[in-house]
Structure formats: structure tokens, C-alpha cells
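User: Please take a close look at one part of this structure and describe it in a single connected account. The account should suit a reader who has not met the structure before.

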Number of protein chains: 2
Amino acid sequence: MRIEGGGATPNALLGLLSLGPMSGYDIKALIDRSIGYFWSESYGQIYPSLKRLAAAGLVEKKTSRQKGRPDKHVYSLTAAGQAQLQEWLKVPVTEEVNRNELLLKLFFGERVAPSVCREHVRACLETHERAVKTYDAIAKGLRKDSANDPQLPYWLMTVNFGRIRSAALVKWAKETLKELERIEKTQKK
Amino acid sequence: MRIEGGGATPNALLGLLSLGPMSGYDIKALIDRSIGYFWSESYGQIYPSLKRLAAAGLVEKKTSRQKGRPDKHVYSLTAAGQAQLQEWLKVPVTEEVNRNELLLKLFFGERVAPSVCREHVRACLETHERAVKTYDAIAKGLRKDSANDPQLPYWLMTVNFGRIRSAALVKWAKETLKELERIEKTQKK
DNA sequence: GGGTGCATGTAATGGGTTACATGATTCT
DNA sequence: AGAATCATGTAACCCATTACATGCACCC
């Protein structure tokens, strides 16, 4: 048996619980409307992980009965859990290559008609144009709703990351579309 | 039993084999010095996958004996394999959220000293500053060595993606470092 | 003699999503 | 009547990396 805390998932859960006591269901919902653009967890990870965290004494479980609905299992950070989270936050980030299917398809793009790649890149452009707007909206909302939260600057940093990245990809997509059109024209001649 | 060709890995292999006949070992080496910055495969994936592709008739295996060294199993694309690759290249890219541990740690950054986050962001800055230079070098090399290859424009598009993305992250990291220093100063007062 | 490169492959393990199973309440 | 939301959990499955197993040749 391994000690809970090595992987990122349990530590992400500890982090979310540091915002306040929550159930597995709540955690999933919170992820989807906060860190969802750079982190995801499924129930199949959350529930077993919470159980293990509880067994390791890093979180505490309290069952609250509800009318009609199933019992709610609310978890909260223990002192040990808080310590573990802080330790993990200090560990240097290990960046691994994340696979990019768009680039893979583009790399072999010469094997198909230029219009195929154009379509892929156009979709990418649309996605990130929308994303930039979304990030701006999120930042605006955060600045309003969490104006006095000491965590606000950190949250804005992550949003800004997304914004800058998406803006860059918009730029790339536009450049790339032009290049693809150029290829298409020279091919037809 | 499933038909080979659904996942990205077998199709990536087909793509690489479209560049010429190769062994599993060659494929790994080629990945590492070409698409390695946005795609990776391990032997544990490559060898079994090639076997399945051969069973499905998408690639053809030829064993060439070598002096001293173990036999080399050279695979080449069949017509069916080429067709499968082209079909796959047309399928719209499904972008899923890729987890970002740096952002996760930054999101909970208020739970630790600002210097911790500063260190993470500084590492990110360094990584991407180096990356920009690497991408430039790769592009230069490609323009020289593959000047007449019709695939060159596509390869440059993928390199340019990396370049633009890394340059954007350098910008973000610099901004973020300033912000972290600001937080540090206001905290000390 | 020992490290590195060539060359193949399997088994163990890890980390994750999806589908399944259950069931009441509330909204349309 | 039916869909969505609340709520928890397990089992099956998929995909991927790492470790293991083997062994020769070449260079230092």
C-alpha cells in the first residue's frame, strides 16, 4: 500500500478542500466552474480518492442527513492535510510533453488536401477566439465577486495564463491559415 | 477484439511509416528528434501496436538479418494503411483539457509563501526562453535540410506553433513574476 | 571491465474515463 | 410524462509509462 499524496489528484482535492468543506459531488461541480480549463477530475477518481485521503487522516468525513436526497458526505481538511498540501505546493513542477493531436495531424498534413488542415486550424482559431472572451469574462467576474479575497491575484494569474496562451494560438492560427491558402493556390497552378 | 485505427497512437505510427519503412526502434528515435515536443511514444506502446497493425493488414513486416545485432523488423505502410491514415487525418481534432500542474499549484498559491510560486514561474520562464531558441534552431535546420521537401511547410507550422506558444508563456511568466514581487512587497509592510 | 548504442519484446503498474447501478426531487 | 439535478459509489476498460529480460558490438 502506498501513502496517499504522491499524485496530483489527491493534492488537487486537498487544495479544493482548503477553500472549505465539501462533498465529492461539490468538488466535481467546483472544478467544472473554476479550474476546469486546466484541470479535470471524474467521479471515478474523486470518490475513491477521498476515501483514501480520509483513511490517511488528511481529511475528515462528516455525514449529513438530508430529506429525500441521499446522505451527503462532507469532507474537510485536517491539520495533517493542510501540511501535506503545503509540502506538495513546494515540490517543483514536472512538465511533461502533452500530446497535441492537432499538431500531429498537421505534421502529416501534406498527405491530405490543404482544405483538411485548413478546417482543423479554423476550428482551433474559433475555439481560442471564444476562449479569450471567456477568460476576460472570468477575470471580470472574479475581480467583482472576490475583490477582497487574498487568493484573487493567484486566481487571476491562472486566468491570465489561459488568456495569453489562447491569444497566441489565435495569432498562430491566423498565420497558419494564410500559409495554407498560399499552398492551396500554388498547388492549383 | 477492436479494429486497429481508432486511437491516436496507431495512426501516429502510420504517419511516421508514411515517411518511409522503419523498425519500432527507428520510430522511437525519429519521434524523439522530430515530433518529440508535442508527441511521445514508449516502446511499450510501439511494439505491440505495430504487431496489431500488421495483423490488421495496415502495415507489412519484413525481417532483415544483421551481423551481430538482433534481427531488425522493418515495417512499411500498405495501401490499406495509407488509406486509413488519410481517413484519420480528416477526422476533426478532439481537444481535451490537458492538466497543468503549474497552474494548479499557482491557483492554490496563496497557501504558501510567494517565493514558492516565484520559483515555479521562474522555472517556467527559463524553460520557455530556452524553448523559443530551440524552435528557432529547429526551423533553421529544417529550412536547410528539407528545402525541397513538399512537407516542409507543414513541419514549419508545427514548429511555429511551439515557438509562438512558448513566446507567449515567456510574456506571461514575466508579467506574473512582477505581480508576485508586488504581492511579496505589500505583504512585508 | 564497463558504459553506450543497437534491437526486441513482455509484465507490472499506474492513472484515468466511461458505463453502470440506484433513487428521490424538481422543473418543464 | 420526462428530463435535469442532486448524490454516491463500483467495475470495466483503456491507454500509457516503467521496469524487467536479453544480448551482441564497439569504444574508452
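Analyst: For a description by class, Ala, Val, Leu, Ile, Met, Phe, Trp, Tyr, Cys and Pro count as nonpolar, Asp, Glu, Lys and Arg as charged, and the others, Gly among them, as polar. The model discussed here is a predicted one. The part chosen is the protein surface near DNA strand D, which by these classes has four nonpolar, 10 polar and six charged residues.

Which residues come nearest to this strand? Of the 20 residues around DNA strand D, the nearest are Y25(A), K51(A) and R99(A) from chain A, together with T9(B) and Q45(B) from chain B. On the side of the nucleic acid, sugar or phosphate accounts for 68% of the strand D atoms within 4 Å of the protein, and the rest belong to bases.

Several individual approaches to the phosphates can be named. In chain A, Y47(A) places a polar side-chain atom 3.0 Å from a phosphate oxygen of DNA strand D. In chain B, T9(B), already listed among the nearest residues, has a polar side-chain atom 2.9 Å from a phosphate oxygen of the strand. For S42(B), a polar side-chain atom likewise lies 2.9 Å from a phosphate oxygen of DNA strand D. The elements that give two or more residues to this surface are helix 3 (43-55) and strand 2 (72-77) of chain A, along with helix 3 (43-55) of chain B. Of these, helix 3 of chain A gives the most, with three residues.

One of the nearest residues, R99(A), leads from the DNA to the interface of the two protein chains. Its side chain meets that of E41(B) in a salt bridge, with 2.9 Å from N to O. Side chains of opposite charge can pair when their charged atoms come close. Across the interface of chain A and chain B there are two salt bridges, and 24 residue pairs are in polar contact. Several elements of chain A give two or more residues to the side that touches chain B: helix 1 (8-17), helix 4 (79-90), helix 5 (101-107), helix 6 (114-145) and helix 7 (152-188). The largest share of that side, 18 residues, comes from helix 7 of chain A. Sorted by class, the side of chain A that touches chain B has 38 nonpolar, 18 polar and 12 charged residues.

How much area do the two chains bury between them? The size of an interface is often given as the accessible area lost when the parts come together. For chain A and chain B this is about 6900 Å², 69% of it on carbon and sulfur atoms. R99(A) appears here again: with F107(A) and Y154(A), R99(A) is among the chain A residues that lose the most area to chain B, and the three together make up 12% of what that side buries. In terms of contacts, 68 residues of chain A touch 67 residues of chain B.

The two chains are related by symmetry. Chain A can be laid on chain B with an RMSD of 0.1 Å by a turn of 180 degrees and a shift of 0.0 Å along the axis. That is the relation of a two-fold axis. Because 99% of the interface residues of chain A are also interface residues in chain B, the copies meet through the same surface.

The surface near DNA strand C may be set beside the part described above. Around DNA strand C there are 21 residues, and the closest are S42(A), Q45(A), Y25(B), Q66(B) and R99(B). They divide into four nonpolar, 11 polar and six charged residues. Of the strand C atoms within 4 Å of the protein, 68% belong to sugar or phosphate and the rest to bases. In the side chain of T9(A), an N or O atom is 3.0 Å from a phosphate oxygen of DNA strand C, and the side chain of Y47(B) also has an N or O atom 3.0 Å from a phosphate oxygen of the strand. H73(B) uses its backbone instead, with an N or O atom 2.9 Å from a phosphate oxygen of DNA strand C. The largest share of this surface, three residues, comes from helix 3 of chain B.

Note on methods: Residues are numbered from 1 along each chain as its sequence is written. Chains are lettered from A and ligands numbered from 1 in the order in which they are written. This is a predicted model: local features need pLDDT of at least 70, side-chain atom pairs count only at pLDDT 80 or more; totals for chains, interfaces and linings use all residues. Side-chain values use heavy atoms; hydrogens and water are left out. Contact means heavy atoms within 4.5 Å. Buried area is the accessible area (1.4 Å probe) that two parts lose on being put together, summed over both. A salt bridge is a side-chain nitrogen of Lys or Arg within 4 Å of a carboxyl oxygen of Asp or Glu. A polar contact is a pair of N or O atoms within 3.5 Å; within protein, one must be able to donate a hydrogen and the other to accept it, and residues adjacent in sequence count only if both atoms are side-chain atoms. Helices (H or I, at least four residues) and strands (E, at least two) are DSSP runs, numbered from the N terminus. Copies are superposed by least squares on the C-alpha atoms of residues with pLDDT of at least 70 in both. A residue is near a molecule or strand if one of its heavy atoms lies within 4 Å of it.
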